[in-house]
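Please open the structure in your viewer and keep the selection panel at hand. The stops below move from the surface to the interior.

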Amino acid sequence: MILVVYHHVVYYLLSNGAEEVTSFDSIIMSFRMPLFFFISGLMACRLLVDSSWLREKCRRRLLEQFLPTVVVGALYVLFIHHDLRNLLFDSAREGYWFTITLFEVFVCYAVLSYVLDRLKLSTSDKTLFFVGIMFLMCLCFVLSLTSRPFATSSFSQVFGLYQFVKFLPLFLLGVLARMHFPRFLAVVGSDIVASLALLLFIVLCVLRQVRSDMPFVGAMQILQAILGIVMVYKVFYSYRDFFHADRMVGRCLSYVGRHTLPIYLLHFFFVSGLMGLRSTNLPSLISDNWSFELVFVLLCSLLIVGATLLVDKFLGVFPLLHSIMLGWKTRKGSK
């Protein structure tokens, strides 16, 4: 979530329409959202799915995730004087595409899992089925990069099909990692695998900087995302004692993790105000110096995260308003 805010700070300070703004930011972007969907799949995985679980989980996702996104997204669009139709008919949804896509991806996974359990398929058969879906979606994503009508058609824009086919495989990758967790730990925790992942990740980063028109860009994006996930896992696993919940850093990161939704929904109100700084010397300093970008933007991101958490606390005094804007549940003890 901190990396999401980081990118948007850079984007609103520097962007003139390009998605990737600085070289350092583009490296973070290569694995930032893939990691989000991978973790979501890891946490959402359920080995046995019945009708009551399916109904309850989809209902909760609708009330806790989809509807608050629409409400806060509409308030944000009105706040910055944009066209409300952008939220409904544009795939980016003024930046609020993530939770809507995650809702679509989760419902797809939940329904598929329910059907597979009704067919009484084994874990191996489910694995093969999910791998097949992943391959099909990856193929659709690669082809979508060469098919402009797919990404720009009205149907695709309304339902966010580009994001759906891009991130469903990474969500399912998290599901498969959970289904085969001991094997996942053995592979990703290996020093050799992690070292090769880091080396190949660096090579792909250099290639993307040197050749923006290189072939098979979609396949390379998917590979770079998976490599980024492996590296992030390796870092946190290797320093798991430092990030433990008993330590200050671990407690702070856990708190941010438990409040991801309000941070995501509210941070756009703060980062949009950074556009007023484009006339200063800050954009040129950030563009020309990656170390200054890292320190300044990270500090700014943490301040914005803190501000959103304060707003979340304030709205908590008004339970009905808090539920409508930030999800129909209580934060304490929720899972």
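Begin by selecting Val 235, Phe 236, Tyr 239, Phe 242, Val 249 and Leu 253, which in this predicted model make a nonpolar surface patch of about 540 Å². Colour helix 12 and helix 13 (248-258) as well, since these are the elements that give two or more residues to the nonpolar patch.

Within that selection, pick out Phe 242, whose place is in the loop between helix 12 and helix 13. Is this residue, Phe 242, buried or partly exposed? With a relative accessible area of 42%, Phe 242 is partly exposed, because the class between buried and exposed runs from 20% to 50%.

Next, select residues 217-238 to show helix 12, whose 22 residues reach 31 Å from the first C-alpha to the last, close to the 32 Å expected at 1.5 Å a residue. The buried residues of helix 12 include Gly 218, Ile 222, Gln 224, Tyr 233 and Lys 234. To see what covers the buried residues of helix 12, add other elements to the view, including helix 2 (23-44), helix 6 (123-144), helix 9 (161-179), helix 10 (181-188) and helix 11 (191-210).

Now turn to the largest nonpolar core, which has 87 residues, and highlight Val 9, Phe 37 and Phe 171 as those with the most contacts inside it. Helix 9 gives the most to this core, with eleven residues.

Finally, centre the view on Phe 37 and display its surroundings: leaving aside neighbours within four places in sequence, Phe 37 is in contact with Trp 97, Phe 98, Thr 101, Leu 102, Val 105, Phe 167, Leu 170 and Phe 171.

Key
Residues are numbered from 1 along each chain as its sequence is written. This is a predicted model: local features need pLDDT of at least 70, side-chain atom pairs count only at pLDDT 80 or more; totals for chains, interfaces and linings use all residues. Side-chain values use heavy atoms; hydrogens and water are left out. Helices (H or I, at least four residues) and strands (E, at least two) are DSSP runs, numbered from the N terminus. The expected span of a helix is 1.5 Å times one less than its number of residues. Buried means under 20% relative accessible area, exposed over 50%, partly exposed in between (1.4 Å probe, protein chains only). Contact means heavy atoms within 4.5 Å. A nonpolar core is a set of buried Ala, Val, Leu, Ile, Met, Phe, Trp, Tyr and Cys residues joined through side-chain atoms within 4.5 Å. Patches are made of residues with over 30% relative accessible area and no salt bridge: like charges are joined within 9 Å, nonpolar side chains (Val, Leu, Ile, Met, Phe, Trp, Tyr) within 5 Å. Accessible areas come from the Shrake-Rupley method with a 1.4 Å probe; for residues, only the protein chains shown count as cover. A salt bridge is a side-chain nitrogen of Lys or Arg within 4 Å of a carboxyl oxygen of Asp or Glu.
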